[in-house]
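This briefing goes through a single protein model, topic by topic, for a reader who has the coordinates open. Please keep the structure in view while reading the points below.

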Amino acid sequence: MARAKTQFVCQNCGTVHSRWAGKCDGCGQWNTIVEEDLLGGVGGGPGKMAPKKGRPVTLTTLSGEIEEAPRIATGMGELDRATGGGFVRGSAVLIGGDPGIGKSTLLMQAAAALSRKKQRVIYVSGEEAVAQVRLRAQRLGAADTDVLLAAETNVEDILATLSEGKRPDLVIIDSIQTLWSDSADSAPGTVTQLRTGVQAMIRFAKQTGATMVLVGHVTKEGQIAGPRLVEHMVDAVLYFEGDRGHHYRILRTVKNRFGPTDEIGVFEMSDRGLREVANPSELFLGERNEKAPGAAVFAGMEGTRPVLVEVQALVAPTSLGTPRRAVVGWEPSRLAMVLAVLEAHCGVRLGQHDVYLNIAGGYRITEPAADIAIAAALVSSLAGVALPADRVYFGEVSLSGAVRPVSQTAQRLKEAEKLGFSGAVLPGASADLPKAVGKVSKLESLADLVVQIAGRKLKAPEE
Ligand code: TYD
Ligand code: MG
């Protein structure tokens, strides 16, 4: 029987199918399966070469000398923070984000900063023509630097260009979706092409010690096209995110082989490029209306950095059969859980109410520690009672209605104090409370919080 030379790969999740189908069994997406050449590309199959005899490598122990990874810091504080202290030489970094969010701008600024530090930086643009990139560089005040520019998408040509002359310190590929290689037979933009191109770039980085920064666009589903395939190949994955309606952007670390994850860098957009925001809390609390019901300040943590942000809730009687639940900046399933706990254990009836929840400034909260702040905002809106303006809220809620302490209580309180908050509402069992905090009110259960905010008036008579 002749061996199959092609396979059918889902472009969304990478699942391999034996035949074409309209819908992928792996991820349930429609029209994502594309026929690809089995032999083309790195890792694309067994290849044509005869197996060679292996060569034993020296085994070693876990203890021994450790070399600190050599880094090149850009001098842009927020970017260096997100990468864990600067780009590591010989590593590959993926920067993902929605189209138009500002990835090219960020990297052009980083390239210019490094070039001013006498580093050799090559910017390969596959999406924009040289003139367009020059225009951006002019707008950003980077046109006078020695950043080298190429508009190219062919992998072999890019590698030949990079290998010429002195070894580059930093290479930026903008973007990986435009890469295509002669050695892979699939159409440009397919998983095989993406994988082949990225592998080749990573290999170049490892061989020469240049840092490779790869830009990747995110698809509607929130993943980089050819998603998992690229994420696991690179050393670090950063996402550049933000809301189009808002003027600031967050660089979030989701994977880092050379540093901590969960770090964020915060930038503000301007007509002259991105500006660093050293104290994000001030930005997120900027436009606060302290007397309005339904707003609570959450003391959150992003990696090692505390971030204070306002949670806004609107609870209003519904005119629909099924009330609406709309969330921006938080997980809808988490909201459903908090609502269920409020109903089941605190006597707060929300079945006849629409619930809208918004995190101020387009910020996105990922911590469960926001449960208490969210519940406070909801109850405050329902009761029509504004929360005390000088209070921050944090803590996790469990399904039993109990509240659970969260990590880094001391840092959260310190940041709150720094920004002029004199009190905090937190779980009773919180450890490492600093002595010198103002009014701390400790909760034993979520019902305590409801009573604290709304008195007994929301409680059902039988409770
Ligand atoms: P761009 O960097 O091209 O986004 P991406 O590479 O992620 O697709 O930026 C998109 C647009 O936003 C571009 O027209 C320039 C504009 N922009 C600013 O004017 N100021 C800024 O600070 C940023 C980040 C972008
Ligand atoms: Mg771009």
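Which residue stands opposite Leu238 in β11? That residue is Ile95, and the pair serves here as the way into a model that is predicted. The points below begin with the strands around β11, then turn to the sheet that contains β1, and end with the helices and with backbone features in the loops.

**Strand β11 and its two partners**

- Strand β11 covers residues 236–241 and is mostly covered, since six of its six residues are buried.
- Both faces of β11 are covered, with Ala236, Leu238 and Phe240 buried on one side, and with Val237, Tyr239 and Glu241 buried on the other.
- Strand β6, which spans residues 92–97, runs parallel to β11 and is joined to it by five bridges.
- Within this pairing, Ile95 stands opposite Leu238, while the bridge partner of Leu94 in β11 is Val237.
- Strand β12 (residues 248–256) also pairs with β11, but in the antiparallel sense and over six bridges, and here Leu238 has Thr253 as its bridge partner.
- The connection from β11 to β12 is a hairpin, which joins the two strands through six residues.

**Strand β6 between β11 and β10**

- Because six of the six residues of β6 are buried, this strand is largely enclosed by the rest of the structure.
- The two faces of β6 are both covered: Ala92, Leu94 and Gly96 are buried on one side, and Val93, Ile95 and Gly97 are buried on the other.
- Besides its bridges to β11, β6 has six bridges to strand β10 (residues 211–217), and β6 and β10 run parallel.
- In the pairing with β10, the bridge partner of Gly97 is His217.

**The sheet of β2, β1 and β3**

- Three strands in the order β2-β1-β3 form an open sheet, and their pairing is antiparallel.
- The edges of this sheet are β2 and β3, each of which has a single partner strand, so one side of each is left without a neighbour in the sheet.
- Two bridges join β1 (residues 6–10) to β2 in an antiparallel arrangement, and Phe8 stands opposite His17 of β2.

**Helix α2 and the residue that follows**

- Helix α2, made up of the 14 residues 103–116, reaches 20 Å from its first C-alpha to its last, which is close to the 20 Å expected at 1.5 Å a residue.
- Of the 14 residues of α2, 13 are buried, so the helix is largely enclosed by the rest of the structure.
- Lys118 comes just after α2 and takes a positive phi of about 65 degrees, a value to note in a residue other than glycine.
- Lys118 is placed in the loop between α2 and β7 (121–125), and it counts as exposed because its relative accessibility is 71%, where over 50% is the limit.

**The packing of α9 against α11**

- Helix α9 (residues 371–383) and helix α11 (residues 446–454) pack at an angle of about 35 degrees, and their axes are 10 Å apart.
- The crossing in which α9 passes α11 is right-handed.
- On the α9 side the contact is made by Ile372, Ala375, Ala376, Val379, Ser380 and Ala383, and on the α11 side by Leu446, Leu449, Val450, Ile453 and Ala454.
- By type, the residues of this contact between α9 and α11 divide into 10 nonpolar, one polar and no charged.

**Backbone features in other loops**

- Asn31 has a positive phi of about 55 degrees although it is not a glycine, and its place is in the loop between β2 (16–17) and β3 (33–37).
- The relative accessible area of Asn31 is 63%, and Asn31 is therefore exposed, the limit being over 50%.
- The peptide bond that leads from Asp174 to Ser175 is cis, with omega near 5 degrees, and Ser175 lies in the loop between β9 (170–174) and α5 (191–208).

Definitions and conventions. Residues numbered from 1 in each chain as written. Chains lettered and ligands numbered in written order. Predicted model: local features only at pLDDT ≥ 70, side-chain atom pairs only at ≥ 80, totals over all residues. Heavy atoms only, no water. Axes fitted to C-alpha atoms, helices over the stretch in contact; angles between N-to-C directions. Helix = DSSP H or I, 4+ residues; strand = E, 2+ residues; numbered from the N terminus. Left-handed = near helix turned anticlockwise from the far one by under 90°. Contact = heavy atoms within 4.5 Å. Nonpolar A, V, L, I, M, F, W, Y, C, P; charged D, E, K, R; others polar. Expected span 1.5 Å × (residues − 1). Buried < 20%, exposed > 50% of the residue type's maximum accessible area, 1.4 Å probe, protein only. Pairing = 2+ DSSP bridges.
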